[in-house]
Amino acid sequence: MNSKKTLVLGASANPSRYSYMAIRSLTNKGHDVVAVGLKEGEIFGVNIKKEPQYFENLDTITLYLNPQNQRQYYDYILSLHPIRVIFNPGTENPELYKLLREKDIEIEIACTLVMLSTGQF
């Protein structure tokens with residue numbers, strides 16, 4: 001299996017949050033997961049960082065932030081040079097799509113959990 005280093009942006013240690021479920025599913029499938037969220041924590045062996053960190057060789061960023069909360073992370077997201085960014089339901093953001101396209105970063109408007117469960121990740 002091809003492990004894809006994935007940043008969960010908007011990560012939460014709250015089990016009722018979709019970002020929590022995504023981290024669980026990604027780690028279960030053997031992906032290398034890093035996480036940035038509003039609060040520090042640790043789930044499934046993944047440390048959630050409060051401050052944006054630089055991560056090398058990032059394949060995917062999966063977003064769990066609404067468009068207004070994404071703005072402060074635009075430069076950060078672009079600086080990581082991911083291969084793709086997944087916009088989960090509720091995170092759709094045409095302004096960010098444009099910035100990503102200018103840098104030749106792939107955009108997927110999809111649900112990470114569905115992609116993982118159907119083998120499309």
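Here are a few friendly notes on this predicted model, point by point.

1. Ground rules. Residue numbers start from 1 along each chain as its sequence is written, and side-chain values use heavy atoms, with hydrogens and water left out. Because the model is predicted, local features need pLDDT of at least 70 and side-chain atom pairs count only at pLDDT 80 or more, while totals for chains, interfaces and linings use all residues.

2. The annotated region. An unreviewed UniProt entry carries the annotation "domain: CoA-binding" for residues 4-116; UniProt positions follow the numbering used here, feature names are shortened, and annotations may be inferred rather than shown by experiment. Across residues 4-116 the chain is 31% helix and 27% strand, with the end C-alpha atoms 12 Å apart. Helices (H or I, at least four residues) and strands (E, at least two) are DSSP runs numbered from the N terminus.

3. Strand 1 and its partners. Strand 1 (residues 6-11) is largely enclosed by the rest of the structure, because six of its six residues are buried (under 20% relative accessible area; exposed is over 50% and partly exposed in between, with a 1.4 Å probe and protein chains only). Five bridges link strand 1 in parallel to strand 2 (residues 33-37), where Leu 9 has Val 36 as its bridge partner. Strand 1 also pairs with strand 5 (residues 60-63), again parallel, over four bridges, and here Thr 6 is partnered by Thr 60. Pairing requires that DSSP finds at least two bridges between the strands.

4. The crossover. Helix 1 (residues 18-28) joins strands 1 and 2 in a right-handed β-α-β unit. Right-handed means that, with the strands pointing away from the viewer, the path from the first strand over the helix to the second runs clockwise.

5. Thr 112. How buried or exposed is Thr 112? Thr 112, in helix 5 (residues 112-117), has 0% relative accessibility and so counts as buried. Its side chain makes a polar contact of 2.5 Å with that of Thr 62 (a pair of N or O atoms within 3.5 Å; within protein, one must be able to donate a hydrogen and the other to accept it, and residues adjacent in sequence count only if both atoms are side-chain atoms). Beyond neighbours within four places in sequence, Thr 112 has contacts (heavy atoms within 4.5 Å) that include Ala 22, Tyr 64 and Phe 121.

6. Two backbone angles to check. Most residues other than glycine have a negative phi. Phe 44, in the loop between strand 3 (41-43) and strand 4 (46-49), has a positive phi of about 50 degrees; at 37% relative accessibility, Phe 44 counts as partly exposed. His 81 also has a positive phi of about 50 degrees and lies in the loop between helix 3 (74-79) and strand 6 (84-87); His 81 is exposed, with a relative accessible area of 57%.
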